[in-house]
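The paragraphs below walk through one protein model, from helix packing to a sheet and then to some local backbone features. Please keep the structure open while reading.

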Amino acid sequence: MRSVEDQQARVAAAAVAPRPVRVAIAEAQGLMCAEEVVTERPLPGFDQAAIDGYAVRSVDVMGADSGGDADVTLPVVSTVAAGERTPTRLQPRQAARVQTGAPIPTLADAVLPLRWTDGGESRVRVLRGVRSGAYVRRTGDDVQPGDVAVRAGTIIGPAQVGLLAAVGRERVLVHPRPRLTIISVGGELVDISRTPGNGQVYDVNSYALAAAGRDAGAEVNRVGIVDADPKALRDVVEGQLSRSEVVVIAGAVGGAAAEGVRAVLAELGEMEVARIAMHPGSVQGFGTLGRDGVPVFLLPANPVSALVVFEVMVRPLIRMSLGKRQPMRRVVPARTLSPISSVVGRKGFLRGQLMRDQDTGEYLVQALGGAPGASHLLATLAEANCLVIVPTEAEQIRTGESVEVAFLAQRG
């Protein structure tokens, strides 16, 4: 039986990153930048007012103070709005009313805040002086020509999108989301648009795994139910290999039908079904198929087991393809609120509800789903916000003991 860590290493070695593509900056959020974005012009591109007020020469208002002992009054010779394109020039002992973002008139070297004046329109009384450069955004204060605005390898977030817009970039080269294909196999499956007959069940896996793929950051193609007929299955899988970076086939491990699936896949490349020292989902398959060696996973038919295997094996591969520096979920220690049973010799990934003690800040965890044999209970997985990670050698964790838990996506 192979360890979880050994299987994760095999999967990581097969990570395939999509070729970089150039996209509009509005579509780049969450993706990794694939180029050094070098600015061609300064930011700001001109001296501008940082606040609403009066553009002045600082030397002309030095006589004023907060007590108002010196009477400094200046004529207001113009009003400069944001977006003004006609240059304005001040003479000594003059002021110009300016809006935030307006170009600073020639000879002015500071902006006098409105609160430090009487707010006059034709003449303004200065209540307090300002130093040179105060409340002025100088040309190139933020970025100079030749500066790198966004570095290659940076995950583009709201701030990076804003900076790209500020330096005039419409498009940026990024590593795109890996394309993930989800396929379900099983003669008992029907789509949710139909009513199951005797012995039939809804196809839960293709919907749940597609959602998990999108949550991980992939671009998902949910194929749905595919006939296990060898020729039909081969045609579908072979067609998807050419348009996917990752393929997941649920219901393809265990039983005679699964053997037929594996035989078809073996014709397309290297595929191995092995027992992994974990529960649930110990029986799973992984290989690389097609000319490009696309990573392909075979997951259990049980939806809970399939989602757990996806979380432990598939999700990290997607995150690596996105260029994430930390592809694994955040793990924290937590104290158990009830006993937890596990399977000796297998690493447990059990559903749990994570909470925090408001007084001590300590993490607390309540296991869900009961005994190890209850891995089929999908409702408890929907209530879980973490996976409790039980060591391989542990059969039971007592109440009050510390365990590691991995955060799942936050609800609400």
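An axis here is a line fitted to C-alpha atoms, for a helix over the stretch in contact, and an angle between two axes runs from 0 to 180 degrees between N-to-C directions. The model is predicted. With that in place, helix α1 (residues 4–12) packs against α6 at an angle of about 35 degrees, and their axes are 10 Å apart. The crossing of α1 and α6 is right-handed. On the α1 side the contact is made by Val4, Gln7, Gln8, Val11 and Ala12, and on the α6 side by Val312, Met313, Leu317 and Met320. Sorted by class, this contact of α1 with α6 holds seven nonpolar residues, two polar ones and no charged ones.

Helix α6 (residues 303–321) also meets helix α3 (residues 205–216): the two axes come within 10 Å and cross at roughly 30 degrees. Angles under 35 degrees count as roughly parallel, and α3 and α6 are therefore roughly parallel to each other. The crossing of α3 and α6 is right-handed. From α3, the residues in contact are Asn205, Ala208, Leu209, Ala212, Gly213, Asp215 and Ala216. Their counterparts in α6 are Pro303, Ala306, Leu307, Phe310, Arg315, Ile318 and Arg319. The residues of the contact of α3 with α6 divide into nine nonpolar, two polar and three charged.

The next part is a sheet. Five strands form an open sheet in the order β8-β5-β7-β6-β9, with mixed pairing. Strands β8 and β9 are the edges, each pairing on one side only. From one strand to the next the twist averages 40 degrees. In general, strands of a sheet pair through backbone hydrogen bonds, either parallel or antiparallel.

Starting from the β8 edge, β5 and β8 run antiparallel and are joined by four bridges. Within that pair, Tyr54 stands opposite Leu112 in β8. Strand β5 (residues 53–56) is also joined to β7, by three bridges and again in the antiparallel sense. Here Ala55 has Ala96 in β7 as its bridge partner. Between β6 and β7 the direction is parallel, with four bridges. Val80 stands opposite Val98 in β7. At the other edge, strand β6 (residues 72–80) and β9 pair in the antiparallel sense over four bridges, and Leu74 stands opposite Val124 in β9.

Which side chains of strand β9 (residues 123–126) point to one face and are buried? They are Val124 and Val126, while Arg123 and Arg125 point to the other face and are not buried. In a regular strand the side chains alternate between the two faces of the sheet.

Some backbone features remain. Most residues other than glycine have a negative phi, and most peptide bonds are trans. Leu107 has a positive phi of about 80 degrees although it is not a glycine. Leu107 is found in the loop between β7 (95–98) and β8 (110–113), and its relative accessibility of 39% makes it partly exposed. Tyr135, also not a glycine, has a positive phi of about 60 degrees. The loop between β9 and β10 (136–137) contains Tyr135, which counts as partly exposed at 29% relative accessibility.

Two peptide bonds are to be noted as well. The bond from Leu43 to Pro44 is cis, with omega near -5 degrees, and Pro44 lies in the loop between β3 (37–38) and β4 (48–49). The bond from His279 to Pro280 is cis too, with omega near -5 degrees. Pro280 lies in the loop between β19 (278–279) and β20 (283–289).

Pro44 appears again in the surroundings of Thr139. Leaving aside residues up to four places away in sequence, Thr139 touches Pro42, Pro44, Gly45, Phe46, Asp47 and Gln144. Thr139 sits in the loop between β10 and β11 (148–150). Is Thr139 buried or partly exposed? Its relative accessible area is 36%, so Thr139 is partly exposed. Thr139 and Val167 are 28 residues apart in sequence, and their C-alpha atoms are 13 Å apart in space.

Key. Residues numbered from 1 in each chain as written. Predicted model: local features only at pLDDT ≥ 70, side-chain atom pairs only at ≥ 80, totals over all residues. Heavy atoms only, no water. Helix = DSSP H or I, 4+ residues; strand = E, 2+ residues; numbered from the N terminus. Parallel < 35°, antiparallel > 145°, perpendicular 65-115°, else oblique. Left-handed = near helix turned anticlockwise from the far one by under 90°. Contact = heavy atoms within 4.5 Å. Nonpolar A, V, L, I, M, F, W, Y, C, P; charged D, E, K, R; others polar. Buried < 20%, exposed > 50% of the residue type's maximum accessible area, 1.4 Å probe, protein only. Pairing = 2+ DSSP bridges.
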